[in-house]
Amino acid sequence: MLKNKTALVTGSTSGIGLGLARAFAQAGASVMLNGLGDPAAIERTRRDLAAETGADVRFHGADLARPGEVATLVAATEAAFGQIDILVNNAGIQFVAPVDEFPPEKWTAIQDIVLNASFHAIRAALPGMKRRNWGRIINLASAHGLVASPFKSAYVAAKHGLVGLTRSVALEVAETGITCNAICPGYVRTPLVEGQIEAQARAHNLPRDRVIREVILAAQPTKRFIEVEEVAALALFLCGDTARSITGAALPIDGGWTAR
Ligand code: NAD
């Protein structure tokens, strides 16, 4: 389905991003991985993914908190593969605190990595997509791009901003072969959420299973985590030609969370 296509997935050394990269590589795309972490572990991930799928899988370690490095990442991907057909802005971090105690540097880091890096990546990748009149931009927002929760002001603000950016870009390129959509997952079990389970267990002094059901999944009516593969299947669908009329959408995959 994605033979001769190329994909850049930010924050793809773990979790949802790695799941999307795997799905794209399995579908025949060449994939540029990006993210932070132990270089040896990342190289193993890259090698395994390439061996498992037969795809051309590369890695670039740009730190998305630095705008200049986002542009470098896009340029390096274009240099490696000739073009970027699919751009997934997925990298993200979380920090939880009351707004009046929120560390300003954490606020800035979340805006930089979630929202500003997405702008810089789209800005750099869009001209090539326009020239070829084909592109898929997928922004990994969140249910928190559509509704709020307490103590997550920076994340909620950044994800709402990302949904707004998605809509603006979609309108700007509506008459081209480029679509731009946001995927808005509820809780997907990834390292990011594992960290939250541990933090909430300590904060509430509760065992893990109670934290999962009563705290983490309190807002998720299905009471089960979403699997990375479910998010990847939606992203893959959006990359197909039959999804060409889906643009500017903020698509929940949230177990009914935002139906309330
Ligand atoms: P994760 O922690 O498993 O992965 C995050 C990725 O982002 C990693 O590869 C990490 O290296 C990368 N990253 C972080 N800071 C970076 C930086 N400065 N530069 C480059 N890369 C950086 O998280 P995840 O759960 O897979 O989340 C992926 C995306 O999905 C995030 O945007 C997150 O907000 C969103 N999301 C996650 C959930 C969930 O329940 N897991 C729900 C809704 C939305």
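Which element gives the most to the shell around the ligand? In this predicted model, the answer is H6, with three residues.

The ligand occupies the largest pocket. Three helices each give two or more residues to its shell: H1 (15-26), H5 (153-172) and H6 (191-204). The shell also draws on two domains. Domain 1 (6-186 + 226-250) and domain 2 (190-225) each supply at least three residues.

In total, 31 residues surround the ligand. Those that come nearest are Ser14, Asn90, Tyr155, Val188 and Thr190. By residue class, the shell divides into 17 nonpolar, twelve polar and two charged residues.

Polar side chains approach the ligand at several points. Thr190 places a polar side-chain atom 2.4 Å from a ligand oxygen atom. In the side chain of Ser14, an N or O atom lies 2.5 Å from an oxygen atom of the ligand. Asp63 faces a nitrogen atom instead: an N or O atom of the Asp63 side chain is 2.8 Å from that ligand nitrogen. The protein buries 93% of the 820 Å² that the ligand exposes when taken alone.

Ser14 and Thr190 thus appear twice in this description. Both are among the residues that come nearest to the ligand. Ser14 has a side-chain N or O atom 2.5 Å from a ligand oxygen, and Thr190 has a polar side-chain atom 2.4 Å from one.

How values were computed:
Residues numbered from 1 in each chain as written. Predicted model: local features only at pLDDT ≥ 70, side-chain atom pairs only at ≥ 80, totals over all residues. Heavy atoms only, no water. Near = heavy atom within 4 Å. Polar contact = N/O pair within 3.5 Å; in protein donor to acceptor, adjacent residues only side chain to side chain. Areas by Shrake-Rupley, 256 points an atom, 1.4 Å probe, with all protein chains shown as cover. 1 Å grid on protein atoms, 1.4 Å probe; cavity = no way out; pocket = protein on both sides within 12 Å on 5 of 7 lines; lining within 4 Å. Sits in = over half its atoms within 2 Å of the grid points. Helix = DSSP H or I, 4+ residues; strand = E, 2+ residues; numbered from the N terminus. Nonpolar A, V, L, I, M, F, W, Y, C, P; charged D, E, K, R; others polar. Domains from an automatic or database assignment.
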